[in-house]
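Hello,

Here is the structure I said I would pass on. Please open it first, then read my notes below.

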Amino acid sequence: MTNEFERAVPETPAKKTRRRLRDPKDSEPKTDQPIRWVQLRIIPIWLRVILVIILWIVIAAVGLTIGYSSLGDGQAKDALKWGTWQHLLDIMNGKK
């Protein structure tokens with residue numbers, strides 16, 4: 001009699017809740033060996049720093065060129081000449 005009752009009630013699969021999804025006990029396969037976490041970096045940190053510095057310099061040069069040529073009514077190539085910056089420094093220091 002009890003066997004028929006157990007057959008009548010179908011087993012429902014465990015409902016996927018957020019807690020169960022986050023719970024590592026349910027999601028990880030059970031093995032005897034510990035799982036090693038290996039982090040692979042395609043670009044090393046020192047190369048990232050150098051790339052960021054180079055990108056910053058390039059972006060600053062492009063910004064100076066665009067700003068000097070469009071806002072300042074000057075030649076775009078004059079923005080990167082030392083004479084232009086020396087003139088600005090002289091104005092700031094009151095030499096001219």
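Start with the overall pattern. Along the sequence, the protein reads α-α-α-α-α. In total there are 5 helices and 0 strands. Please keep in mind that this is a predicted model.

Next, confidence. The mean pLDDT of the protein is 81, and 69% of the residues score at least 70. The elements do not share one level: helix α4 has the highest mean pLDDT, at 94, while helix α1 (residues 2–8) has the lowest, at 58.

Then the surface. The protein has 96 residues, and 4% of them count as buried. The exposed area comes to about 9900 Å². Carbon and sulfur atoms supply 62% of that area.

Now the main find, a nonpolar patch on the surface. Its members are Leu-64, Leu-80, Trp-82, Trp-85, Leu-88, Leu-89, Ile-91 and Met-92. Together they have about 820 Å² of accessible area.

Which helix gives the most to the patch? That is α5, residues 82–93, with 6 residues.

One patch member to look at is Leu-80. Leu-80 sits in the loop between α4 (45–70) and α5. Is Leu-80 buried or exposed? Its relative accessible area is 54%. Exposed means over 50%, so Leu-80 counts as exposed.

To find the patch on screen, go to helix α5 at residues 82–93, then look for Leu-80 in the loop that lies between α4 and α5.

Best wishes

Key:
Residues are numbered from 1 along each chain as its sequence is written. This is a predicted model: local features need pLDDT of at least 70, side-chain atom pairs count only at pLDDT 80 or more; totals for chains, interfaces and linings use all residues. Side-chain values use heavy atoms; hydrogens and water are left out. Patches are made of residues with over 30% relative accessible area and no salt bridge: like charges are joined within 9 Å, nonpolar side chains (Val, Leu, Ile, Met, Phe, Trp, Tyr) within 5 Å. Accessible areas come from the Shrake-Rupley method with a 1.4 Å probe; for residues, only the protein chains shown count as cover. A salt bridge is a side-chain nitrogen of Lys or Arg within 4 Å of a carboxyl oxygen of Asp or Glu. Helices (H or I, at least four residues) and strands (E, at least two) are DSSP runs, numbered from the N terminus. Buried means under 20% relative accessible area, exposed over 50%, partly exposed in between (1.4 Å probe, protein chains only). pLDDT is the predictor's confidence in each residue, from 0 to 100.
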